[in-house]
Amino acid sequence: RTMRSRWAVLVAVAAALALAAVARAQFANYEEGSDGLLVGEDDDDDELGERQTREAKFTGSQQAQAGAVVLGEDEDEDEENEGKTAPQEVKEEEAEDEDEEGEFDADEFEGFRPKKQAKQDQKAGAAKAPPRPVRPRFTSMEIAFISFLAFYIVFFFLGKRANDAIAEKFEKEFRPLLEKNFALVGDPRANSFYTRESFAAFSVSTTGRVNCQGARFLLNLRKRHDLFSWVASLFFDTPDTLTIDVLVRDIMPPIVFAVCHTKEEKNMREMTDIVSFTSAVKGTKIGLPETLCVLYENYELCETFLHQEAVRALSANQDLVMQMHLTDQNSIFASHKNIVRFVFKIPEDVSRLQKLIKLSLAWVDAISRLTLSKTAEAKNQAARVKADIEERKKAASEAGVSQKEEKPLSPAERARKEEKERRKALRPKMKVFKN
């Protein structure tokens, strides 16, 4: 899973860098030049100048051809006037050439302009043309923001897809097992196996099984779709977990029993029922690995729940066990006291949870068959009575009521007390006058 996350990050980073490079290349042509104009505008002006130069050259060649025709006519005139002297002919030819350069027949050379007129038209057009608006440029901060936004969006979809893949893998692996043990699995109205609580939480509701009212399988996955949560998970260990809550019927005897990882013992000690009724023992004394801890109210519970098959399953998957808690003094759900909760880590190979889930369902069935000895049951009941008295005293002290216990009164004494309180209430109060 770690390798997939790293590949996802690399793909997202590559996409963001590619987007930034494309944006930078797109707006590189619009950087400001030395004259204050944009580079793109200078290129357009150069193309216009080249086009006008080619037009002017073509006009000059046409004028030269026209001059050649005029010279041919002049030669015929020279033959008729042979008496003229050579210097005069040369002067006349030079004058005619100057006239041909300054003037031409508009009808004969239609569509062409002399070089001077073309330059004047070019200057006039440049003066009349409106200035082009300066195109906007993206700053480095804007490019960085766009790149981060694209990276976050890509990361979101990759993380969401990874969590969906884990949920689908869980469904494929455990749907047959749950359908075998429960009559109703999933949401029949939506025709789906699990219900999406969020992008990182999926729940499966099951009902229809002996010895329990129902069970809920909750998959709490890491928030892979959230970039900031993913960065925080690099520094704090937040594994994917499977929480199984089973509501047991009233057949459950007065017991409190738990098996947890040594790292979770401190959290377990914060629960009221664990503090009031249990004692801790290391797992090595019962045959479990040293990474597991047992909290029990009576040692008879260890013999009932930690049989050989259970010890083998817990020892083989000790790294996945977080807590396994059985109690009739539940403080999680106010409407139900008898509850069994199992919390396991979700490994890369989800099939490893098969034995643990089967063990959890076996413990639910074992509760219905559990029969404590009279001594153990009496001890458990006495402990609950004592805890109830302490809880009432604590509530009374918080309300400001005296903690002294009142003696029971006979009917005659209770009647005299009520009559005395009634007369006291009817007694008129004296008014105090101040001078």
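Of the 435 residues in this chain, buried ones make up 32%, where buried means under 20% relative accessible area, exposed means over 50%, and partly exposed is in between, with a 1.4 Å probe and protein chains only. This is a predicted model, in which local features need pLDDT of at least 70, side-chain atom pairs count only at pLDDT 80 or more, and totals for chains, interfaces and linings use all residues. Residues are numbered from 1 along each chain as its sequence is written, and side-chain values use heavy atoms, with hydrogens and water left out.

Confidence next. pLDDT is the predictor's confidence in each residue, from 0 to 100. The chain has a mean pLDDT of 75, with 64% of its residues at 70 or more. Residues 29-44 have pLDDT below 50, and beyond near neighbours in sequence this stretch has 19 contacts in the model; a contact means heavy atoms within 4.5 Å. Residues 98-102 also stay under 50, and there the model has 3 contacts beyond four places in sequence.

On the overall architecture, the chain has 13 helices and 10 strands. These are DSSP runs numbered from the N terminus, with helices being H or I of at least four residues and strands being E of at least two. Take the contacts between residues at least 6 apart in sequence: 66% of them join residues at least 24 apart.

Now to strand E5, residues 241-248. How many of its 8 residues are buried? The count is 7, and the strand is mostly covered. Two strands pair if DSSP finds at least two bridges between them. E5 runs antiparallel to strand E4, residues 212-220, and 8 bridges join them. One of the bridge pairs is Leu 219 with Leu 242 of E5. E5 also pairs with strand E10, residues 339-345, in the antiparallel sense over 7 bridges. There, Ile 244 has Phe 342 of E10 as its bridge partner.

One residue of E5 to look at is Asp 245. Asp 245 has a relative accessible area of 5%, and is therefore buried. Leaving aside neighbours within four places in sequence, Asp 245 is in contact with Gly 214, Ala 215, Arg 216, Phe 333, Val 340 and Arg 341. His 325 is 80 residues from Asp 245 in sequence, and their C-alpha atoms are 9.8 Å apart.

Just before E4, there is a loop from strand E3, residues 201-207, and Asn 211 lies in that loop between E3 and E4. Most residues other than glycine have a negative phi. Asn 211 is not a glycine, yet has a positive phi of about 70°. Asn 211 counts as buried because its relative accessibility is 18%.

Next, strand E8, residues 292-296. Why is E8 described as largely enclosed by the rest of the structure? Because 5 of its 5 residues are buried. In a regular strand the side chains alternate between the two faces of the sheet. In E8, Leu 292, Val 294 and Tyr 296 point one way, Cys 293 and Leu 295 point the other way, and all are buried. E8 pairs with strand E6, residues 256-261, in the antiparallel sense over 5 bridges. Cys 260 is the bridge partner of Cys 293 in E8. Strand E7, residues 279-282, pairs with E8 over 4 bridges, also antiparallel. For that pairing, Ala 280 has Leu 295 of E8 as bridge partner.

On to the helices. Two packed helices are described by the angle between their axes and the distance between the axes. Axes here are lines fitted to C-alpha atoms, for helices over the stretch in contact, and angles run from 0 to 180 degrees between N-to-C directions. The axes of helix H5, residues 140-181, and helix H6, residues 227-235, come within 10 Å and cross at roughly 75°. H5 and H6 are therefore roughly perpendicular to each other; angles of 65 to 115 degrees count that way, under 35 as roughly parallel, over 145 as roughly antiparallel, and the rest as oblique. H5 contributes Phe 148, Phe 151, Tyr 152 and Phe 155 to the contact, and H6 contributes Leu 227, Phe 228 and Trp 230.

Two more helix residues to finish. Gln 354 lies in helix H11, residues 353-369, and counts as buried because its relative accessibility is 18%. Not counting residues up to four places away in sequence, Gln 354 touches Glu 173, Phe 174 and Leu 177. Lys 379, in helix H12, residues 374-399, is exposed, with a relative accessible area of 55%. Its C-alpha atom is 9.5 Å from that of Glu 297, 82 residues away along the chain.
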